[in-house]
Amino acid sequence: MQTIPVDNDLNNTTVYVGNLDPNLTEEEPRQVFLQFGEIVYVKIPASKDCGFVQFAAGSSAEEAIERMQGAVVG
């Protein structure tokens, strides 16, 4: 999995999650990323191998990026 901020804004709370298994539901990444803080939404566009996780706080997004880079989900 690849996690990067959606843009260079340090206050951004949305994390891009790449290289997802196309069979994952939005609930699976939600459960994995909940450990980093309150989640506003998880979105995996149809027929894509990527998704987005939006946190309520930027610090949660930053921690998720640091700790989940290269992790396998699913």
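The following paragraphs lead through a predicted model, from its paired strands to its nonpolar core and then to helix 2.

A convenient starting point is strand 4, which spans residues 51–55. Strand 4 has two faces: Gly-51, Val-53 and Phe-55 make up the covered one, while Phe-52 and Gln-54 make up the uncovered one. Strand 2, residues 14–18, runs antiparallel to strand 4 and is joined to it by four bridges. Within this pairing, Val-15 stands opposite Val-53, and Thr-14 has Gln-54 as its bridge partner. Strand 3, residues 39–43, also pairs with strand 4 in the antiparallel sense, again over four bridges. Here Ile-39 is matched with Phe-55 as its bridge partner. As for strand 2, four of its five residues are buried, so this strand is largely enclosed by the rest of the structure.

The loop between strand 1 (2–5) and strand 2 contains Thr-13. This residue has a relative accessible area of 14%, and because the limit for a buried residue is under 20%, Thr-13 counts as buried. Its side chain makes a polar contact of 3.4 Å with the side chain of Gln-54. Leaving out residues up to four places away in sequence, Thr-13 touches several residues, among them Val-53, Gln-54, Phe-55, Gly-58 and Ala-61.

In soluble globular proteins, nonpolar side chains tend to be buried together. The largest nonpolar core of this model has 17 residues, and those touching the most other members are Phe-33, Val-53 and Phe-55. Strand 2, strand 3, strand 4 and helix 2 are the elements that give two or more residues to this core. Helix 2 gives the most, with four residues.

Aromatic rings form a further theme. The structure holds three aromatic pairs. One of them joins Phe-33 and Phe-36 in a tilted arrangement, with 6.2 Å from centre to centre and 55° between the planes. Both Phe-33 and Phe-36 are buried. Ring pairs link these two residues and Phe-55 into a cluster. Apart from residues up to four places away in sequence, the contacts of Phe-55 include Phe-33 and Phe-36, Thr-13 and Val-15, Ile-39 and Val-40, and also Ser-60, Ala-61 and Ala-64.

The last three of these contacts lead to helix 2, which covers residues 58–68 and in which Gly-58, Ser-60, Ala-61, Ala-64, Ile-65 and Met-68 are buried. These buried residues cover an arc of only 160° around the axis, which puts them on the same side of helix 2. On the other side of the helix, Ser-59, Glu-66 and Arg-67 are exposed.

Ser-60, placed in helix 2, deserves separate mention. Ser-60 is buried, with a relative accessible area of 9%. A polar atom of its side chain lies 2.9 Å from the backbone oxygen of Phe-36. Aside from neighbours within four places in sequence, Ser-60 is in contact with Phe-36, Gly-37 and Phe-55. Two of the residues of the aromatic cluster, Phe-36 and Phe-55, thus appear among the contacts of this helix residue. Just after helix 2, Gly-70 takes a positive phi of about 85°.

Technical notes: Residues are numbered from 1 along each chain as its sequence is written. This is a predicted model: local features need pLDDT of at least 70, side-chain atom pairs count only at pLDDT 80 or more; totals for chains, interfaces and linings use all residues. Side-chain values use heavy atoms; hydrogens and water are left out. Buried means under 20% relative accessible area, exposed over 50%, partly exposed in between (1.4 Å probe, protein chains only). The arc is that of the directions from the helix axis to the C-beta atoms. Rings of Phe, Tyr and Trp (its six-membered ring) pair if their centres lie within 6.5 Å; planes under 30 degrees apart count as stacked, over 60 as edge-to-face and the rest as tilted. A nonpolar core is a set of buried Ala, Val, Leu, Ile, Met, Phe, Trp, Tyr and Cys residues joined through side-chain atoms within 4.5 Å. Contact means heavy atoms within 4.5 Å. Two strands pair if DSSP finds at least two bridges between them. A polar contact is a pair of N or O atoms within 3.5 Å; within protein, one must be able to donate a hydrogen and the other to accept it, and residues adjacent in sequence count only if both atoms are side-chain atoms.
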